[in-house]
Each structure stands twice: as C-alpha cells, then as structure tokens.
Amino acid sequence: MNEAYPLLALAEKMLWVTALAAAPVLLATLAAGLVIGVIQAATSVNEQTLTFVPKLAITALVLVLFGASIMGLIGDFTVEIFAAIASGPR
C-alpha cells in the first residue's frame, strides 16, 4: 500500500483540479439553463434555440472571465506532476 499512496494522492489532487477548473463554467451554465427553463415554462414557449444560444454565450463569457485562472490552475498542476516525475520514486 505504501507504493500506491503517492499515486492515490496524485489522483485525488487531479480530481480536485478538474472540479475546480470545470465548476465556473458548469455552474454558470446550470444557472442560465434554470432561469431560461423557468421563463419558458411561464410563457409556454418551447423553442430549443432559446436555451442553446444564451447558454453558449454565458459559457463563452465565463471562459473569457475565468479562462486565465483556470489555465493557471491546470498549468500549476502540470508543473507539479512533471516535478514529481523528475524527482523519481519516493
């Protein structure tokens, strides 16, 4: 089990980084879909493009606003992985 611990720790950190990188886009898109769904239910307008276009625009806006920090997070994790590979087995 001692040999597997560094790999499990790395896998756990990878899952956290993935969640942190995906959370802004997913939460913003979820909120937009919920608001648009409520509006569509209230007005009985069931047009598919009314949900797709605003979600696409909000996704693009979130990526513009948070893209640099998301890439920084992923870049730092990548550097950490390569440093762990270069240091060899522990």
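How many residues does helix α1 have, and how far does it reach from its first C-alpha to its last? That was my opening question today. Before counting anything, I reminded myself that this is a predicted model.

**Entry 1: helix α1**

I looked up the ends and found that α1 runs over residues 5-43, which gives it 39 residues. From first C-alpha to last it reaches 55 Å, close to the 57 Å expected at 1.5 Å a residue. Still, I wanted to check for bends along the way. There is a kink of about 45 degrees at Ala23, and the proline Pro24 comes shortly after that kink.

Next I asked which residues of α1 are buried. My list reads Val17, Ala21, Val25, Ala28, Ala32, Ile36 and Gln40. Then I looked for what covers them, and the cover includes α2, residues 49-87.

Past the end of α1 I noted Ser44, which follows the helix and has a positive phi, near 60 degrees.

**Entry 2: helix α2**

Where does α2 bend? I found the spot at Phe66, with a bend of about 60 degrees.

I made a list of buried residues here too: Thr51, Thr59, Val62, Gly67, Ile70 and Phe77. These buried residues of α2 pack against α1, and α2 in turn is part of what covers the buried residues of α1.

Just after α2 sits Gly88, and I wrote down its positive phi of about 85 degrees.

**Entry 3: hunting for salt bridges**

A quick reminder to myself: side chains of opposite charge can pair when their charged atoms come close. How many salt bridges does a search of the whole structure find? It finds one.

The partners are Glu80 and Lys13, whose side chains meet at 3.0 Å, N to O. Glu80 belongs to helix α2 and Lys13 to helix α1, so this pair ties together parts that are 67 residues apart in sequence.

I also checked whether the two are buried or exposed. Glu80 comes out at 37% relative accessibility, so I put it down as partly exposed. Lys13 has a relative accessible area of 35%, so I put it down as partly exposed too.

**Entry 4: Gln40**

Gln40 caught my eye in the buried list of α1, so I went back to it because I wanted the value: 12% relative accessibility, which counts as buried.

What does its side chain reach? I traced the side chain of Gln40 to the backbone oxygen of Glu47, at 3.0 Å. Leaving out residues up to four places away in sequence, I found Gln40 touching Val45, Asn46, Glu47, Leu50 and Thr51. Thr51 was already in my notes as a buried residue of α2.

**Entry 5: Lys55**

I moved over to Lys55 in helix α2. Its relative accessibility is 30%, so it counts as partly exposed.

Which residues does Lys55 touch, not counting those up to four places away in sequence? I found Thr29 and Gly33. For Thr29 I looked up the spacing as well: Lys55 and Thr29 are 26 residues apart in sequence, yet their C-alpha atoms are 5.6 Å apart in space.

**Entry 6: Leu63**

My last stop was Leu63, also placed in helix α2. Leu63 has a relative accessible area of 43%, so I noted it as partly exposed.

I then looked back across to Pro24, the proline that comes shortly after the α1 kink. Leu63 and Pro24 are 39 residues apart along the chain, and 8.4 Å separates their C-alpha atoms.

Notes:
Residues numbered from 1 in each chain as written. Predicted model: local features only at pLDDT ≥ 70, side-chain atom pairs only at ≥ 80, totals over all residues. Heavy atoms only, no water. Helix = DSSP H or I, 4+ residues; strand = E, 2+ residues; numbered from the N terminus. Expected span 1.5 Å × (residues − 1). Bend = angle between axes of the 7 residues up to and from the residue. Buried < 20%, exposed > 50% of the residue type's maximum accessible area, 1.4 Å probe, protein only. Contact = heavy atoms within 4.5 Å. Salt bridge = Lys/Arg side-chain N within 4 Å of Asp/Glu carboxyl O. Polar contact = N/O pair within 3.5 Å; in protein donor to acceptor, adjacent residues only side chain to side chain.
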